[in-house]
Amino acid sequence: MPTIRFSTSDREVEFADGDEVNLLRVAIRNDCGIPFKCASGNCGTDRVRVEAGADHCSTPRRRERERLGELFDQGYRLACQTYVNGDVTVAWDPEQIGLDAGSKVYDKLRQVWLAKDDGG
Ligand code: FES
């Protein structure tokens with residue numbers, strides 16, 4: 001089965017062959033620690049560096065490229081905008097601050113985000 005490796009939190013999550021899963025959704029569902037604030041491609045908080053498996057990531061849309069700027073050329077993606085169909089390894093700056101996991105906003109966004117049924 002394909003595996004997503006979250007280097008920064010030292011976690012791994014497998015998913016079914018043939019699936020295409022959203023990177024942030026997998027991270028949230030499995031408590032893998034990628035920070036996030038908007039889950040909609042606006043804030044850039046969930047930027048991750050793809051250390052391996054870039055070929056297994058979805059083609060970025062223009063908006064994601066623009067949001068990342070030069071970081072895109074350095075191998076970064078926005079987890080909320082990235083779908084994965086094979087083995088990948090991602091890492092992020094542990095200093096990145098997302099929503100407080102104990103906050104109401106976090107809970108609400110997590111519920112809404114996980115309710116979507118489009119992979120992961
Ligand atoms: S969480 Fe804000 S851009 Fe992905």
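# Exercises on a predicted model

The structure is a predicted model.

## Exercise 1. Helix α4

Compare the expected span of helix α4 (residues 104-115) with the separation of its end C-alpha atoms, and state how many of the residues of α4 are buried.

Solution. Step 1: α4 has 12 residues, and at 1.5 Å a residue it should span 16 Å; the expected span takes one less than the number of residues. Step 2: the end C-alpha atoms are 16 Å apart, which agrees with that span. Step 3: the number of buried residues among the 12 is zero, so α4 lies largely in the open.

## Exercise 2. Positive phi at D10 and D31

For D10 and for D31, give the phi value, place the residue in the chain and decide whether it is buried or exposed.

Solution. Step 1: phi of D10 is near 55°, a positive value in a residue other than glycine. Step 2: D10 sits in the loop that runs between β1 (3-6) and β2 (11-14). Step 3: the cut-off for exposed is 12 or fewer other C-beta atoms within 10 Å; D10 has 9 such neighbours inside 10 Å and therefore counts as exposed.

Step 4: D31, also not a glycine, has a positive phi of about 50°. Step 5: its loop is the one between α1 (23-29) and β4 (47-52). Step 6: with 11 other C-beta atoms within 10 Å, D31 is exposed.

## Exercise 3. The largest nonpolar core

State how many residues the largest nonpolar core has and which of them have the most contacts inside it, then trace the elements that supply it and the contacts of I34.

Solution. Step 1: this core has 23 residues, and those with the most contacts inside it are L23, L24, A27, I34, V48 and A79. Step 2: at least two of its residues come from each of β1, α1, β4, β5 (76-78) and β7 (88-91). Step 3: α1 gives the largest share, five residues. Step 4: beyond its neighbours within four places in sequence, I34 contacts L24, A27, D46, V48, A79 and W92. As background, nonpolar side chains in soluble globular proteins tend to be buried together.

## Exercise 4. R5

Locate R5, classify its exposure and list its contacts outside the sequence neighbourhood.

Solution. Step 1: R5 belongs to strand β1. Step 2: R5 has 18 C-beta neighbours inside 10 Å, so it counts as partly exposed. Step 3: apart from neighbours within four places in sequence, R5 is in contact with E12 and T89. Step 4: N85 is 80 residues from R5 along the chain, and their C-alpha atoms are separated by 13 Å.

Definitions and conventions. Residues numbered from 1 in each chain as written. Predicted model: local features only at pLDDT ≥ 70, side-chain atom pairs only at ≥ 80, totals over all residues. Helix = DSSP H or I, 4+ residues; strand = E, 2+ residues; numbered from the N terminus. Buried ≥ 20, exposed ≤ 12 C-beta atoms within 10 Å, placed from the backbone. Core = buried A, V, L, I, M, F, W, Y, C linked by C-beta atoms within 7 Å. Contact = placed C-beta atoms within 7 Å.
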